[in-house]
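User: I would like to go through the pockets of a protein model and ask what the terms rest on. Here is the model.

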Amino acid sequence: VEINISNGSRSILQDTALAIKLTDALTFLGPTGNNNIQNKNVGSLGVGGLTKETFRVLALAGESSIQQLSASVSYLPGSVSSRFEQSATKEVSVAESGATVDVEVPTKVLNNEEFEVKVKYRNDSTADFTNLQLKLVYPSAFTFISASRQADADNNTWDLGDLRTGREGALTVKGSMVGPDNAFFDFKTQLTTELFNQQYPINEKTATIAI
């Protein structure tokens, strides 16, 4: 997000302050962490002066929606003691997730019957994902037996590393379940990526299985 601030007046603008607000579906990237409000002191802006502020923003939700960003600049014009303010808004269209993830399970299984949970993931964006992590949340009735790739934590979390644009991968988990007849249980996959030393969710899917 680039914000241009220009001084078209005949006075030096003192104590210029910039405030940016995002919707809950968006967040600023960087050391500020997960938040949707950013304030920055721009300082003085000379006559005819122009300055540009740049921020990196990530869409965490709002797939196929329109999100709004708003920015306001307050300042002291010359020797006037009262603060003035200018504001602007911009809309951005959020498409589908940059990475897809799918989880496949049998429609029905028998008690104590061994079955497979298949997870596929793919980078559909134009940028590479770094330090990608996949987590598979099991229902309480599930007993883990094995996986096609050794988990990095708790038999349900895999550090996938970097995933370049257009690349894909898959893994399979074997297990069994014990529960009452006709009971339904959910398997949930969560795909996250690391940006500025923080993990951000980029996609999740759920599949339902019956006993």
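The turns below deal with the two largest pockets of this predicted model.

User: How much space lies in the largest pocket, and which residues are closest to its centre?

Analyst: About 940 Å³ of space lies in the largest pocket. Of the 31 residues that line this pocket, Val57, Leu58, Ala59, Leu60 and Gly98 are the closest to its centre.

User: What makes a residue such as Val57 a lining residue?

Analyst: A lining residue has an atom within 4 Å of a point of the pocket. Val57 is one of the 31 residues that line the largest pocket, so Val57 has such an atom.

User: Which strands supply at least two residues each to that lining?

Analyst: They are S6 (57–59), S8 (84–94), S11 (129–137), S15 (184–195) and S16 (198–210). S16 gives the most, with four residues.

User: Why does Gly98 count as polar in this lining?

Analyst: Gly is placed among the polar residues by the classes used, so Gly98 in the lining counts as polar. By class, the lining of the largest pocket has 17 nonpolar, nine polar and five charged residues.

User: What is there to say about the second largest pocket?

Analyst: About 460 Å³ of space lies in the second largest pocket. Its lining has 25 residues, and Ile3, Asn4, Ile5, Val73 and Ala88 are the closest to the centre. Strands S1 (2–6), S2 (13–22), S7 (65–77) and S8 give two or more residues each. The largest share, seven residues, comes from S7. By class, this lining has 12 nonpolar, 11 polar and two charged residues.

Notes. Residues numbered from 1 in each chain as written. Predicted model: local features only at pLDDT ≥ 70, side-chain atom pairs only at ≥ 80, totals over all residues. Heavy atoms only, no water. 1 Å grid on protein atoms, 1.4 Å probe; cavity = no way out; pocket = protein on both sides within 12 Å on 5 of 7 lines; lining within 4 Å. Points joined across faces, edges and corners; volume = space filled by probe spheres on them.
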